[in-house]
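I am opening my notebook on this structure to look up what lies inside and what lies at the surface. I will go one element at a time.

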Amino acid sequence: MSTWMTQTTCSGAPNAVLDLLTEPSAIARWSPLPFTLDGFTGARLGAGDRVRVRGDLAGRVAEFVVQVGEAGDGRLSLTADGPIRIDVEYVVSPAPSGSTLRASIGVAGTGLVGRILARATDALLAAGALRAALERIASEFEPAAELEPALAA
């Protein structure tokens, strides 16, 4: 299994960051891997939730069953099982300017197809997909930039 880790700071309070990490519509905006939820109707993911997701992985439609281990006290952990296994952990802690957010993603695949898909996922993560996801999360807490008025010619 390969593991990818990164961290960032954001201006959101730890509880607000955890809310963003567990809200399905928000997750779709920042996730390092694009996906859709099948049949989940809850407002937030919670510990013990089991949901189905579908996404495009290396040009193939892949389906996963996601089991949420923890979703509170500054931590979101989950496991996605499908053609590959993805173990995810986000840890949010207070920081002077808001919060520190640490992320860890472990990827493993078995069998020929699983190993190929795991390598493709590793390539996405190596190219900065996890870092970009954390930057998108942090940007959700930044005030919208005011537009400069256009100068008349």
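I began with helix 4 of this predicted model, where I found that Ala129, Leu130, Ala133, Leu134, Ile137 and Ala138 are buried. I recalled that an α-helix has 3.6 residues a turn, so residues three or four places apart point the same way.

Next I looked up what these buried residues pack against, and I noted strand 1 (2-10), helix 1 (14-22), helix 2 (24-30), strand 6 (85-95), strand 7 and helix 3.

I then turned to the largest nonpolar core, which has 38 residues, and listed the members that touch the most others: Leu21, Trp30, Phe64, Ile84, Ile86, Tyr90 and Leu101. Helix 4 (residues 129-139) gives the largest share of this core, with six residues.

Which residues is Leu101 in contact with, once neighbours within four places in sequence are left aside? I wrote down Thr6, Gln7, Thr8, Val17, Leu21, Tyr90, Val91, Val92, Leu134 and Ile137.

Is Ser104, which I located in strand 7 (residues 98-108), buried or exposed? Its relative accessibility is 17%, and because buried means under 20%, Ser104 counts as buried. Not counting residues up to four places away in sequence, I found that Ser104 touches Thr3, Trp4, Met5, Asp87, Val88 and Glu89.

Last, I checked the surface, where Leu112, Val113 and Ile116 make a nonpolar patch of about 270 Å². Ile116 belongs to helix 3 (residues 111-126), and I entered Ile116 as partly exposed because its relative accessibility is 46%, which falls between the 20% limit for buried and the 50% limit for exposed.

Notes:
Residues are numbered from 1 along each chain as its sequence is written. This is a predicted model: local features need pLDDT of at least 70, side-chain atom pairs count only at pLDDT 80 or more; totals for chains, interfaces and linings use all residues. Side-chain values use heavy atoms; hydrogens and water are left out. Patches are made of residues with over 30% relative accessible area and no salt bridge: like charges are joined within 9 Å, nonpolar side chains (Val, Leu, Ile, Met, Phe, Trp, Tyr) within 5 Å. Accessible areas come from the Shrake-Rupley method with a 1.4 Å probe; for residues, only the protein chains shown count as cover. A salt bridge is a side-chain nitrogen of Lys or Arg within 4 Å of a carboxyl oxygen of Asp or Glu. Helices (H or I, at least four residues) and strands (E, at least two) are DSSP runs, numbered from the N terminus. Buried means under 20% relative accessible area, exposed over 50%, partly exposed in between (1.4 Å probe, protein chains only). A nonpolar core is a set of buried Ala, Val, Leu, Ile, Met, Phe, Trp, Tyr and Cys residues joined through side-chain atoms within 4.5 Å. Contact means heavy atoms within 4.5 Å.
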